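Student: Hey, can we go through this one together? I'd like to start with the strands and see where we end up.

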Amino acid sequence: METIGQYFTAQPVSDMMVSLFQQDTPNRVIDLGVGHGSLLYAAYNRYNKADFYAADIDKKVISKISERLPFVNALHIDGLSKGLSKQMKLKIGSVDIAVCNPPYYRLDKTTELKDLFNKVGLKNSTKLIKFTSDIVFLAQNLQMLKKGGELGIILPDSAFTGHEFVGLREDLLTNHNIRGIVQLPDKIFKKTEARTHILLMEKCGPIQKRIPIYQSDFSGNIGEAVNISADNLLYRMDHSYYVWKELNKYSDDIMTLGDLNVAIKRGHKTKKYLQGKNIPFFHTTSFPSDIKTKINLKNSPVFDDVSTEPGDILIARVGKRCIGKVAMVNSGNQVISDCVYRVRAPKKHRSRIFRELISDKGQQWLRIIAHGVCAQVISKRDLLHFPLNIHS
Ligand SMILES: C[S@@+](CC[C@H](N)C(=O)[O-])C[C@H]1O[C@@H](n2cnc3c(N)ncnc32)[C@H](O)[C@@H]1O
């Protein structure tokens, strides 16, 4: 049932998550949104003396868990509910280990949820534009854990890389101890392309200065960690970005696109709208296959929207396969769709910017920086960070 976010974790990934906990003899382990129970099963294999508690909103899931994992106290309850601890017959702050792969759907921004965020040290997260179930599950787990209790939770990419989640990252880095992050391979979950990561943390602290970031393969094998200072992790927490940075000796004071007085704009109108107008327009499907040739575009009729001029550079800002495609306009004033950025740079910098964007390293950077849950997106903020002198 996709509406309640039923995407199940493969056993090797669950085993890997559990192997990364520090505790050896926890008394109590919980899994909110237990699904088929692979996370709890992994925990049982490591901690067979603990007491196990599972919650799920799906009755069928709970009766299967009771059959397959009889050692679990399996409860048919709403993991989002304010009365969770009462319903689980567990005191708030009494759990040693929590494992979780929460569902993802939108929720109303209620005072009750804001109170919960404030209580568990996620006060900046009360300002999130939208509330989603995954962040509420994170908060519910934090509430149930004792101080020093450990949580392993699988969250969507945006929590680790999106600008809108800087506040959440700050909350986690200042009020809790992030013990590590594991980027999971793309397409790890059947039926969804969402990129995800495991967040491993300890409730409250003490806070570590450098945090290990790993990449896992489909079999749950994790490579060597890159150790990143907590301050840098506010910007991004993904393994691929930091590995790319290390490989390319990218330092934070490098010259970027943002230093060159460029104006970046995206189109405002959707492909559908522009098709309806029956005019020539530039969309992600319009990029030429040979990225080195400059393009000649037909003029769109005078139209109140973002359109091209000779010398403009166009970049695909959204989409899985076309992300980061680049083209330079040789001629034509054509309207661009909302999936395309127009970079307008001073004449003296244009050729250099274009060359760097289409270089192998530039193309790699654009793909790595793209983030998002399903469709990949490059934000304008990220584009302004495009590094300029590492491509020669
Ligand atoms: C992404 S699946 C993960 C299942 C399992 N933990 C795993 O890792 O394979 C999310 C689970 O949360 C359950 N769920 C969705 N909304 C829920 C809610 N409000 N309360 C409790 N469980 C919920 C779904 O039924 C589903 O089993």
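**Strands, a helix and a ligand**

Tutor: Sure. Strand E8 (residues 177-183) pairs with strand E9 (residues 196-202) in the antiparallel sense, over six bridges. Keep in mind that this is a predicted model.

Student: Okay, so which residue in E9 stands opposite Ile 178?

Tutor: Met 201 does.

Student: And how many bridges join E8 to strand E10?

Tutor: Three, and E8 and E10 (residues 210-215) run parallel. For an example in E10, take Tyr 214, the bridge partner of Val 182.

Student: What holds paired strands together in general?

Tutor: Strands of a sheet pair through backbone hydrogen bonds, and the pairing can be parallel or antiparallel.

Student: Cool. What's the strand order in the open sheet of five strands?

Tutor: The order is E12-E18-E15-E16-E14, and the pairing is mixed. Strand E12 (263-266) and strand E14 (295-296) are at the edges with a single partner strand each, so each has one side without a neighbour in the sheet.

Student: How do E15 and E18 pair?

Tutor: In the antiparallel sense, with four bridges between E15 (residues 313-316) and E18 (residues 340-344). Ile 313 has Val 343 in E18 as its bridge partner.

Student: Switching to helices. Why does the length of H6 make sense?

Tutor: Helix H6 (residues 133-144) has twelve residues, and at 1.5 Å a residue they should span 16 Å. The C-alpha atoms at its ends are 16 Å apart, so the two agree.

Student: Is H6 mostly covered or mostly open?

Tutor: Mostly covered, with ten of its twelve residues buried. Among them are Ile 135, Phe 137, Ala 139 and Met 144.

Student: Why does Ala 139 count as buried?

Tutor: Ala 139 has 20 C-beta neighbours inside 10 Å, so it counts as buried. Also, Ala 139 and Leu 80 are 59 residues apart in sequence, yet their C-alpha atoms are 9.5 Å apart in space.

Student: What about the largest nonpolar core, how many residues does it have?

Tutor: It has 101 residues, and Ala 43, Ala 54, Val 99 and Ile 313 have the most contacts inside it. H6 gives the most to this core, with seven residues. Domain 1 (2-247) and domain 2 (257-384) each provide at least three residues.

Student: Ile 313 again! Wasn't that in the sheet?

Tutor: Yes, Ile 313 is the one bridged to Val 343 in E18.

Student: New topic: which residues come nearest to the ligand?

Tutor: Thr 9, Gly 33, Gly 35, Gly 79 and Asn 101, out of 23 residues around the ligand. By class, that shell has ten nonpolar, nine polar and four charged residues. Helix H2 (38-46) and strand E2 (51-56) supply at least two residues each.

Student: Now the loops. Is Thr 25 buried or exposed?

Tutor: Exposed, because Thr 25 has 8 C-beta neighbours inside 10 Å. Thr 25 is in the loop between helix H1 (11-19) and strand E1 (28-32).

Student: And what's phi for Lys 89?

Tutor: Near 55°, a positive value in a residue other than glycine. Lys 89 sits in the loop between helix H4 (84-88) and strand E4 (95-100).

Student: What about phi for Asn 261?

Tutor: Asn 261 has a positive phi of about 60°, although it is not a glycine. With 10 C-beta neighbours inside 10 Å, Asn 261 counts as exposed. Its loop lies between helix H10 (239-247) and E12.

Note on methods. Residues numbered from 1 in each chain as written. Predicted model: local features only at pLDDT ≥ 70, side-chain atom pairs only at ≥ 80, totals over all residues. Pairing = 2+ DSSP bridges. Expected span 1.5 Å × (residues − 1). Near = placed C-beta within 6 Å. Nonpolar A, V, L, I, M, F, W, Y, C, P; charged D, E, K, R; others polar. Core = buried A, V, L, I, M, F, W, Y, C linked by C-beta atoms within 7 Å. Domains from an automatic or database assignment.
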